[in-house]
Amino acid sequence: LAVGRAALCGPALQRTLEITNHCRASQWRTQMFVSGLNGVLAVGRAAQCARRATLGGPVLRGGGGVCSSTVGYRVVSELSGASLRSVPQSRIALLSTVVPRARRAMSSAASGASPKTIVGRFAAWYTGCLTAQPLLTTALSTAVISAIGDVGSQLLIERREFDPVRTLRFSALGLVLTGPTLHVWYGFLYRHFPGVTAMKVLQRVAFDQAVFAPAFTGTIVSVIFAVEGRSKTEWEEHMDKNFVEAVYVNWLLWIPAQIINFRFIAPVYNVLFANFVAVFWNSYLSWNAHRDA
C-alpha cells in the first residue's frame, strides 16, 4: 500500500503531471506520455497485487486481466526496463525510487513470504478484512472494543456486580451506531480536508472535535437511556448535570489522540486506532451514563 500510495497520490502524482507536461514539448513526448503516466499507475497496481498475494486474498480482475504476483512482477520489470530507457534520469527520480520497492514487494509475494509473529499475522488478516469488507470489519471491531470498555467500566471504575446484559447493549451500540458512523465520518473528513500537512490535520481535528464530538457524545448517552428504558426526566436531569463535563473530558482525551491519528496513522486504520483509544473513553462514557442510575 505504501508503494501504491507513493505512486498514485500527492506529490508523486503532481510530479508525474509535471513530467507529462515536459513530454508534450519535447522530442520524446509520445513515448514518455504513455510510459510515464501509465507506468505510475502500473506500479500502484503492482503493489496492490503484491499486497493481495502476501495476504493470500483473491486476485483482482479488471480490464487488464487477472492481477497476480507474476503479472505484477512483469509490469514492474517492463516499467523499470525498456519503457524508461528513453527518459532522462533527472525526470524519473521518483519512479526510480518507487520501482525497486515494488519489485522487492513482488519478489516477497511470489516467494510466499508471510508475517512470522502472531501480531504480524493478525495485522495481515485484519488488513485483508478491511480491504474486503471495510464497513463490516469496522463495525465488528468497534462492537468488541465497546464491550471491553463497558466491562472495564463495571469492574474497574464502578466496581459493581458484572451485568452482561448492559455490556451486550453497549456492544450492540458499537456494532450498529458507533462503528458505521465513524467509518462514514472519517471518509467525510478526508474528502473535505485531504492531505497530511499540519494545517490539514488541524482542520480535521478542529472540525471533528467542534462539530462531531459534542453531537455524538450526546447521541450515545441518549441512545443508552432509550435502550435501557429510562425516562425523559432522568435523561434531562443527566444531560443538565453531566453533558458539559463529558464533552470536556472528551476534548482532553480525543484532541491529542486525533492529532496522532490523522497525522501518523494511515486512513484505513483511523477507526481501529480510535477504537483502541475508545477502550478508555467507553469506560468513562459508560460510567457517565450510569453514574446516577
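How much area does the protein chain expose, and what share of it do carbon and sulfur atoms supply? In this predicted model, the exposed area comes to about 15,600 Å², and carbon and sulfur atoms supply 66% of it. Of the 293 residues in the protein chain, 40% are buried. The secondary structure consists of eleven helices and two strands, and these elements follow one another along the sequence in the pattern α-α-α-β-β-α-α-α-α-α-α-α-α. When contacts between residues at least 6 apart in sequence are considered, 71% of them join residues that are at least 24 apart.

Helix α8 covers residues 164–192, and its 29 residues should span 42 Å at 1.5 Å a residue, which agrees with the 40 Å that separates its end C-alpha atoms. The helix nevertheless contains a kink of about 45°, centred on G174. At the N-terminal end, α8 is capped by D163, a side-chain oxygen of which lies 3.1 Å from the backbone nitrogen of V165.

Helix α11 can be described in a similar way. For its 21 residues a span of 30 Å should result at 1.5 Å a residue, and the end C-alpha atoms, being 28 Å apart, agree with this. A bend of about 45° occurs in α11 at A278. Because 16 of the 21 residues of α11 are buried, this helix is largely enclosed by the rest of the structure. N275 lies in α11, which comprises residues 270–290, and it counts as buried because its relative accessibility of 3% falls under 20%. Residues up to four places away in sequence being left out, N275 touches T138, S141, T142, I145 and L182.

A second buried polar residue was examined in helix α10, where Q258 is found within residues 232–264. Q258 has a relative accessible area of 2% and is therefore buried. Apart from neighbours within four places in sequence, Q258 is in contact with Y186, V205, D208 and Q209, while its side chain makes a polar contact of 3.1 Å with the side chain of N261. The C-alpha atom of Q258 is separated by 9.6 Å from that of V277, a residue 19 places away along the chain.

Aromatic side chains were considered next. A pair of aromatic rings is described by the distance of the centres and the angle of the planes. The count comes to twelve aromatic pairs when ring centres within 6.5 Å are taken as paired. One of these is the stacked pair of F122 and Y126, with 6.1 Å from centre to centre and 25° between the planes. Since these two residues are four apart in helix α6 (residues 118–132), F122 and Y126 are separated by about one helical turn. F122 is partly exposed, with a relative accessible area of 49%, whereas Y126 is buried, with a value of 7%. Y284 and W287 form a tilted pair, in which the centres are 5.7 Å apart and the planes make an angle of 45°. Both Y284 and W287 belong to helix α11 and are three residues apart, about one turn of the helix. An α-helix has 3.6 residues a turn, so residues three or four places apart point the same way. Y284 counts as buried at 13% relative accessibility, but W287, with a relative accessible area of 25%, is partly exposed. In addition, W185, F188, F193, F207, F212 and F216 form one aromatic cluster.

How values were computed:
Residues numbered from 1 in each chain as written. Predicted model: local features only at pLDDT ≥ 70, side-chain atom pairs only at ≥ 80, totals over all residues. Heavy atoms only, no water. Buried < 20%, exposed > 50% of the residue type's maximum accessible area, 1.4 Å probe, protein only. Contact = heavy atoms within 4.5 Å. Polar contact = N/O pair within 3.5 Å; in protein donor to acceptor, adjacent residues only side chain to side chain. Areas by Shrake-Rupley, 256 points an atom, 1.4 Å probe, with all protein chains shown as cover. Expected span 1.5 Å × (residues − 1). Bend = angle between axes of the 7 residues up to and from the residue. Phe/Tyr/Trp six-rings, centres within 6.5 Å; stacked < 30°, edge-to-face > 60°.
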